[in-house]
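Work through the exercises below with the sequence and the model at hand. Each task is followed by a solution in steps.

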Amino acid sequence: MKVLVLGESLPQAAQDGGNLRLLGLIRGLVFCGHEVDLAAFTQEEVSTGVVGLAGWCQRVAWVRLRPWAVKARAMAAILMNLPSNVAAYASPEMEALVARMAGERNYDLVLACRLRMAPFARLFPGPKILDLCDSLTLFSDRSSRTASRSWERWFHRVEGRKLKGYEAEACEGFSKVLITSSVDRNVLGLGPGRCEVMGNGVDLDDRPFGALEGRRGILFLGYMGYGPNREAARWLAGEIVPELWKKRDEEVVLVGANPPRGIPLVPGRSIGDHDFDAGASPQSGSVATGPVEDLRPYLAGARAMLSRTVRWGKR
């Protein structure tokens, strides 16, 4: 089949979960013998040889987003019925690109990745699949109760009310909906026939499992601008690590952009250094790296990896 994939961002350096999932879907389609074209947004300068996509996509096209414009549209949508998450990515340029690509090639299927790409898929008259990844309705509901700032809790309450109707309606125009867990599916109210659970996987060629010998330290990995990750990082550094240090001398490294305040920030810190003069102390025993170029050395070097699900429930 000829498949047109619509992505909310180009998976150039696939570090976050959404981009890893998008890249995995593209590779899976190609592995099964399908031809894939990709249309996506980007907020960065892009070279024609897009990293991570060479050899997988027949064609890669993109629309440049200005961060200030995304924020402006999201703020303006607070007073509208459209969820800010969707309004922020409203784009006549993307509509024109999708229409042009659909006119130039007879696609057998369109795969829209994430809710904000659903409106563009509706321009295509043929079969469509929507990969929601997570339910934004569920995310907003949880964030309205757990966000650290009062204005964030208010925003997520407003956004959640909009999403509750919009997200379910957006699924109606698609032949099939994909999502990562049955918990998210239940929020949408869709049965297994309409919505299939497809969890995230790991590319073992890119991130192989190795022997535990020689590994040191404990790794927490995640984008800390995301509420569940930020809360888990605070809990880990403030409550768990001090207890751990009473029993054993074990370093804990938190890797991800926008780490919470109060955790020593040591950019470029690699796991296994065990040099606590660089920022950590016996009282805390943990450091944060901020964003890193390559996650693989951290994954390969850690003795254990911690999950955030203990605070926000199993997803």
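**Exercise 1.** Which residues line the second largest pocket?

Solution. The model is a predicted one. Start with the lining: R149, E152, Y223, M224, G225, R230, R234, N258, P259, P260 and R261 surround the second largest pocket. Next, sort them by class: five are charged, four nonpolar and two polar. Glycine is counted as polar here. Finally, the space in this pocket comes to about 210 Å³.

**Exercise 2.** Determine how helices α6 and α7 are oriented to each other, and list the residues in their contact.

Solution. Locate the helices: α6 covers residues 136-146 and α7 covers residues 150-170. Their axes lie 8 Å apart and make an angle of about 160 degrees. Angles over 145 degrees count as roughly antiparallel, and α6 and α7 are therefore roughly antiparallel. Their crossing is left-handed. On the α6 side, the contact uses L136, T137, F139, S140, S143, S144 and R145. On the α7 side, R153, H156, R157, E159, G160, L163, K164 and E167 take part. By class, this contact of α6 with α7 holds six charged, six polar and three nonpolar residues.

**Exercise 3.** Describe the backbone phi of R114 and of C133, and place each residue in the secondary structure.

Solution. Begin with the general rule: most residues other than glycine have a negative phi. R114 has a positive phi, near 90 degrees, and is not a glycine. R114 sits in the loop between β4 (109-113) and α5 (118-121). For C133, also not a glycine, phi is positive at about 70 degrees. C133 belongs to strand β5, residues 128-133.

Methods
Residues numbered from 1 in each chain as written. Predicted model: local features only at pLDDT ≥ 70, side-chain atom pairs only at ≥ 80, totals over all residues. Heavy atoms only, no water. 1 Å grid on protein atoms, 1.4 Å probe; cavity = no way out; pocket = protein on both sides within 12 Å on 5 of 7 lines; lining within 4 Å. Points joined across faces, edges and corners; volume = space filled by probe spheres on them. Axes fitted to C-alpha atoms, helices over the stretch in contact; angles between N-to-C directions. Helix = DSSP H or I, 4+ residues; strand = E, 2+ residues; numbered from the N terminus. Parallel < 35°, antiparallel > 145°, perpendicular 65-115°, else oblique. Left-handed = near helix turned anticlockwise from the far one by under 90°. Contact = heavy atoms within 4.5 Å.
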